2 protein chains.
Amino acid sequence: MSPPTVAARSDGAQARERLLYAALRLFAASGFERTSVRDIAQAAGANVSAVGYYFGDKAGLYRAAFFEPLGDHCQGEMPAPGTVPLPDLMHGFFRDLLKPLKQGEAVQQVIRLHFREIVEPTGLWKEMIENELRPQHEGLVRVLCAEFGLRKADMELQRLTFAIIGMGIHFFVAQDIVQALAPEVMEGPGAIDALADRLAEGALAMIEAERRRRAAQPRPARRRSTR
Amino acid sequence: MSPPTVAARSDGAQARERLLYAALRLFAASGFERTSVRDIAQAAGANVSAVGYYFGDKAGLYRAAFFEPLGDHCQGEMPAPGTVPLPDLMHGFFRDLLKPLKQGEAVQQVIRLHFREIVEPTGLWKEMIENELRPQHEGLVRVLCAEFGLRKADMELQRLTFAIIGMGIHFFVAQDIVQALAPEVMEGPGAIDALADRLAEGALAMIEAERRRRAAQPRPARRRSTR
DNA sequence: TTTGACTTCAAACAGTTGTTTGAATAAGGT
DNA sequence: ACCTTATTCAAACAACTGTTTGAAGTCAAA
């Protein structure tokens, strides 16, 4: 058997990187359990033991694939309430939220890993909720509170927040379904931007409806006294 | 014979049922790959080989757990356009959609299995899309087409449909997230009904907004007749 | 050239997986 | 009583899992 085509000593960390991205691709495609380190090593053109060498173990490799490629891709911070008109804010929000759908394959795969974590938790998901989902959710909650003049979010506002975010999230979770039922909806960057704008307008309509509902309805019972 | 016709043994098909529901519970909790037939058999108080005996193999058991417990729990059919006022229709739609969230544990676990299938396909998901998701989606598309006087759904209408359904779906997919961020939103049947009503109102607001958008906007460019 | 740290590799390890086997047990029909 | 059929069981099977091993290789500095 002739030696493998890859250079035997190919500058150290190259193998690590190949491993990382092969792992990202395979984990995103098939999940943690269905992906074996042997498959990853083979796809990366590296030896099985290289994953032990560079990442400790399979879980370490998964963790690296989960966090590293995203780099400093910080979630778009929500502007402080009042500094930006609500329509602009919502449009910006959905543009940011859906941005990964337009980006490179690697980012999309990371996103896919993150959503996979929701359904098939490997242990990183608590960390993910606190670091990614909670700030995003509470950012929007804060904005809506200011919008309705609330000091503290009530249940209706929480519902509204989940509904608004859920509209966006759905296009990540259900990528394959959209693909099967109406592929044109997500084809090309233009379609994504248009989608973000429509979702923003939809969210604004929902917020307006909620505002009317609150105006029409008598003051909800206050469980806590003022402090 | 694979299907045991008569219970020769007192516990006969009981073992099959115990196996089925233990499998449902464990598959829903941990997914296909992370669940071993040994664990299932032990949880069911049956022997490992009983799964081979009753279901052929692990995949057969999974399939049975996936389809059987739902029984005739048909998805609520969408009424023909025009027979029901839109607000009632949307309220009914979300009540039906969220109904499983109030139902027994078994149904919820099946639902969880179904959503798991979206992210971690085991091969049943094509079948699922065609039998469950497509009819639901196209039912709503048909209603909205009638609402806007369209012969055929355009991309905007597809977007709107996904956004509306996505709001509801999100509360299945992200049950754990809701639990972590604002548990009161989904606590108790009353909360679910209220949630369904709010989502319906939100959807109606979005539909109204879209109607206005269509009215305000010049006729969408028709590509085919130009030139 | 020799040294020594860094990197690769094939092989082996120990454990778990889904599945099969063949004997043992129970119930009914004759 | 017998025979047949249905069901259970412990054990064994082969294949695969993630991980470790120890030797071999590569390269830069001494």
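## How the two copies meet

In this predicted model, the two chains share one contact surface: 100% of the interface residues of chain A are also interface residues in chain B, so the copies meet through the same surface.

The placement of the chains can be described by a single rotation. A turn of 180 degrees, with a shift of 0.0 Å along the axis, lays chain A on chain B with an RMSD of 0.1 Å. This is the relation of a two-fold axis.

## Overall make-up of chain A

Chain A contains 10 helices and 0 strands. Read from the N terminus, its elements follow the order α-α-α-α-α-α-α-α-α-α. Of the 227 residues in chain A, 47% are buried.

Contacts between residues at least 6 apart in sequence show how the chain is connected: in chain A, 70% of them join residues at least 24 apart. The accessible surface of chain A amounts to about 11,800 Å², and carbon and sulfur atoms account for 51% of that surface.

## Helix 8 and its bend

Helix 8 of chain A covers residues 155-173. Its 19 residues should span 27 Å at 1.5 Å a residue, and the end C-alpha atoms lie 25 Å apart, which agrees. The helix nevertheless has a bend of about 35 degrees at A:M167.

Helix 8 of chain A is also mostly covered, with 18 of its 19 residues buried.

## The nonpolar core

The largest nonpolar core has 149 residues. Within this core, the residues with the most contacts are A:M90, A:F94, B:M90 and B:F94, a list that names residues of both chains.

The surroundings of A:F94 link this part of the core to the bend described above. Leaving aside neighbours within four places in sequence, A:F94 is in contact with A:M167, the residue at which helix 8 of chain A bends. The other contacts of A:F94 counted in this way are A:I164, A:G168, A:A196, A:L199, A:A200 and A:A203.

## Two buried positions in chain B

B:G168 belongs to helix 8 (residues 155-173) of chain B. B:G168 counts as buried because its relative accessibility is 0%, against a cut-off of under 20%. Not counting residues up to four places away in sequence, B:G168 touches B:F94, B:L97, B:L98 and B:L199; B:F94 is one of the residues with the most contacts inside the largest nonpolar core. B:G168 and B:L195 are 27 residues apart in sequence, while their C-alpha atoms are 9.3 Å apart.

B:I192 is found in helix 10 (residues 188-216) of chain B. Its relative accessible area is 3%, so B:I192 is buried. Not counting residues up to four places away in sequence, B:I192 touches B:L98, B:L101, B:K102 and B:M186. B:L98 is therefore a contact of both B:I192 and B:G168. The C-alpha atoms of B:I192 and B:R95 are separated by 8.4 Å, although these residues are 97 residues apart along the chain.

## A partly exposed glycine in chain A

A:G52 lies in helix 3 (residues 48-55) of chain A. With a relative accessibility of 37%, A:G52 counts as partly exposed, since that class lies between the 20% and 50% limits. A:G52 and A:V37 are 15 residues apart in sequence, and their C-alpha atoms are 9.7 Å apart in space.

Notes. Residues numbered from 1 in each chain as written. Chains lettered and ligands numbered in written order. Predicted model: local features only at pLDDT ≥ 70, side-chain atom pairs only at ≥ 80, totals over all residues. Heavy atoms only, no water. Helix = DSSP H or I, 4+ residues; strand = E, 2+ residues; numbered from the N terminus. Buried < 20%, exposed > 50% of the residue type's maximum accessible area, 1.4 Å probe, protein only. Contact = heavy atoms within 4.5 Å. Areas by Shrake-Rupley, 256 points an atom, 1.4 Å probe, with all protein chains shown as cover. Least-squares fit on C-alpha atoms with pLDDT ≥ 70 in both. Expected span 1.5 Å × (residues − 1). Bend = angle between axes of the 7 residues up to and from the residue. Core = buried A, V, L, I, M, F, W, Y, C linked by side-chain atoms within 4.5 Å.
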